[in-house]
Amino acid sequence: MTPLNSHGLRFAFGTLTALPVRVSRWDRDTARAGMLCAPVAGLAVGLLAAVPGVLLLLGGVGPLAAAVASAALPAALTRGLHLDGLADTADGLGSARPAEDALRIMKQSDIGPFGVITLVFVLLAQVAALFELYGRGWADGALGTVAAAVTARLALTLASRRGVPPARPEGLGAAVAGAVPPGAATAVACAVVACCAAAGVLLGHGGAPRHALAAVAGLVAAQVMLRHCVRRFGGVTGDVFGAVEETAATAALLVLATG
């Protein structure tokens, strides 16, 4: 591993998770490497989130408790950063204000009605999807949890590609916006979708295409959210990244739950 890749991993884990990782570099090259490594951070979050769900299910507690645990742990592992970004983005989009006023609303510490409603329905959708997956068995629930987490962070890699502008000159959005070359982002996306399909093989017939489709659906939903936010705010912010991440995770889980 080259020093830049090492710093990139630190950047990915230090900015996208609450795991005790010290970010020692904060330059453009490190941001590019970090966002390319974002799916690795998602893999770690997904694996950790699957553990309590599997243990609860095997312990006889039931799929609902397993689903709640696997939905709650990613929030704890990120200190609610992405959910907070989703809520702030919902408030900004729902305000129907000009871009500058909407960005000001998003920067406030409180959460408005649009943010609360969005959080409630997104978390309900995630728990419902995981409940369906854990109802099929621990392997479906665990792999679904991991696939959603990886897809969600992959969406951040694509959101950091060149051509996506920042909405503000400061903050995480400005640090990573446009940092990733489109070719590199596409290569990482193809590799992750292929890995999701390979993991789905473990579930037997239909698992591979279902997991590949879930990853693609998550990325498409995230891109729709990204494009809307760029048109609405003039670019991306850290909050928009949170909204993109949660959108991708929720869409991927819903597709997996449909079977």
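## Two pockets and a helix

Let's start with the second largest pocket: by class, its lining has 11 nonpolar residues, 1 polar one and no charged ones. Here Ala, Val, Leu, Ile, Met, Phe, Trp, Tyr, Cys and Pro count as nonpolar, Asp, Glu, Lys and Arg as charged, and the others, Gly among them, as polar. A pocket is an open set of 1 Å grid points where a 1.4 Å probe fits, with protein on both sides within 12 Å along at least five of seven lines, and lining residues have an atom within 4 Å of a point.

This is a predicted model, where local features need pLDDT of at least 70. Residues are numbered from 1 along each chain.

| Pocket | Volume | Lining by class |
|---|---|---|
| Largest | about 300 Å³ | 10 nonpolar, 8 polar, 5 charged |
| Second largest | about 190 Å³ | 11 nonpolar, 1 polar, no charged |

Each volume is the space filled by probe spheres set on the points, which are joined across faces, edges and corners.

Around the second largest pocket, α3 (38-58), α8 (138-159) and α10 (182-200) each supply at least two lining residues. Helices are DSSP runs (H or I, at least four residues), numbered from the N terminus. For the largest pocket, L172, G173, T237, G238 and D239 lie nearest the centre.

Now for helix α6 (residues 99-107): its buried residues (under 20% relative accessible area, 1.4 Å probe, protein chains only) are A102, L103 and M106. They cover an arc of only 100° around the axis, taken from the directions to the C-beta atoms, so they sit on the same side of α6. The face turned away from that side carries E100 and K107, both exposed (over 50%).

How values were computed: This is a predicted model: local features need pLDDT of at least 70, side-chain atom pairs count only at pLDDT 80 or more; totals for chains, interfaces and linings use all residues. Side-chain values use heavy atoms; hydrogens and water are left out.
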